Amino acid sequence: MATDANFSQNPVPLDKRRSNFSLVFIMLGLAFFSASMWTGGILGIGLSMGQFILALVLGNGFLALYTAILGYIGAKTGLNTNLLARFSFGVKGSWIPSLILGSTQVGWFGVGIAMFALPVSKATGLDLNLVIILAGILMTTNVFFGIAGLSIISMIAVPSIALLGGYSVWLAIKNMGGWAAFAQAVPIEPVSLYAAIAMVIGSFISVGTLTADFIRFGKKATIAIVCCFVAFFLGNSLMFFFGAAGSVSEGVSDISEVMMKQGLLIPAILVLGLNIWTTNDNALYASGLAFSNITRLPSRWLSLANGVLGTIAGLWLYNNFVGWLTFLSSAIPPIGGIIITDYLLAKKSYHEFAQAEFHSVNWSAMIALAAGALAGLLSPGIPPLNAILTASLTYAGLKLALAQFFVRAAMNEGE
């Protein structure tokens, strides 16, 4: 079977796997996102320091574990998320998770473009549409180079973001009179610990479900565990802390406004632009893989087309797409739960992709996906966690029940 440079239809061969060093930077580039700093700002003025640290440890600990399992499966098999879904959902059945995953990532790409363009236009006086077009061209062009392009821009962006964020934290603590005063700050707009944990998990559960798309390039499956804990436990926690420190000092949650008050407007535009760039390129790359599963076209060209679409619709997406993205976010975590459950029940078949016989549609997975999405939308508690657990348990129950049914049917025929 023919493959494209991104191996959208085949496992990544061992001789095409990349160094652990570059994968860590790719995953950190994914996790270093301005939205996490903004959410961290909300938690910073909503929690005590002790509650804030506990929310990060529990929320990002769960994210790291969830993504590490998916990354391990991806590296072990060399398969992206959409190809993994064929085992549990079936060939045509996998089009549903691919459509959900792909459209969500195009949406986030457009939102990211507008998130960067709006403050740049406001600060410089440049025409907003011009900034959107230029940013879209840059971010879309880079993804043409696939995993190598993601690696290069991440290696530039990650240290830059770490330096700017660290300096912003230092300024915040200094302005408050030292660490003791900073740590004793009283919440301005209180948030419950339960809601805070849900916000931390919800910040990256959607894109975390796509971890296999990137970690499948790892030479050893164990690197998935290292990459995901570095990116989602340490990296994401760091981004939350960057946002929280500024919000506690300045009394606002918007990271752009915080850095403007700290006199860091120009560095913020450049570095936060890189910040958005890395996450946007990862989103665009993943969207190409998702739509390639449906169309069988090379993912590289689909990523470019998605970049054009996301750029054109960027401002509209920013203003109107959030509700739809929230709905899709409830549908994404069950996909990861079903893939993990199916792999645990039938992992031997995953290592023989070329010889595997797939269902057209596996209705057990479709029912479990619907059940998980409903649990995420309607049940109390932490929505992504509810969605994953419900989908996993439903799928395992249906799969085992059907297996017992066929065993009994075969026994009855033999009598």
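This is a short talk about a surface patch, a helix pair and a salt bridge in one predicted model.

Before the details, a word on conventions: the model is predicted, so that local features need pLDDT of at least 70, side-chain atom pairs count only at pLDDT 80 or more, and totals for chains, interfaces and linings use all residues. Residues are numbered from 1 along each chain as its sequence is written, and side-chain values use heavy atoms, with hydrogens and water left out.

Let me start with the surface. Leu65, Ile69, Tyr72, Ile225 and Phe229 form a nonpolar patch there, and together they have about 400 Å² of accessible area. Accessible areas come from the Shrake-Rupley method with a 1.4 Å probe, and for residues only the protein chains shown count as cover. A patch, in this usage, is made of residues with over 30% relative accessible area and no salt bridge, where nonpolar side chains (Val, Leu, Ile, Met, Phe, Trp, Tyr) are joined within 5 Å and like charges within 9 Å.

Which helices supply the patch? Helices α3 (49-77) and α11 (222-250) each give at least two of its residues, and α3 has the largest share, with three; helices here are DSSP runs (H or I, at least four residues), numbered from the N terminus. Leu65, in α3, has 48% relative accessibility and therefore counts as partly exposed, given that buried means under 20% relative accessible area, exposed over 50%, and partly exposed in between (1.4 Å probe, protein chains only).

These two helices also pack on each other, with axes 8 Å apart and an angle of about 150°, which makes α3 roughly antiparallel to α11. The axes are lines fitted to C-alpha atoms, for helices over the stretch in contact, with angles from 0 to 180 degrees between N-to-C directions; under 35 degrees is roughly parallel, over 145 roughly antiparallel, 65 to 115 roughly perpendicular, and the rest oblique.

Now to the charged pair. The structure holds one salt bridge, meaning a side-chain nitrogen of Lys or Arg within 4 Å of a carboxyl oxygen of Asp or Glu. Lys399 forms it with Asp342, and their closest N and O atoms are 3.5 Å apart. Because Lys399 lies in helix α18 (residues 383-414) and Asp342 in helix α16 (residues 322-346), the pair ties together parts that are 57 residues apart in sequence. Lys399 is partly exposed at 28% relative accessibility, whereas Asp342 is buried at 2%.

Finally, Leu393, also found in α18, is exposed at 63% relative accessibility, and its C-alpha atom is separated by 8.7 Å from that of Ile338, 55 residues apart along the chain.
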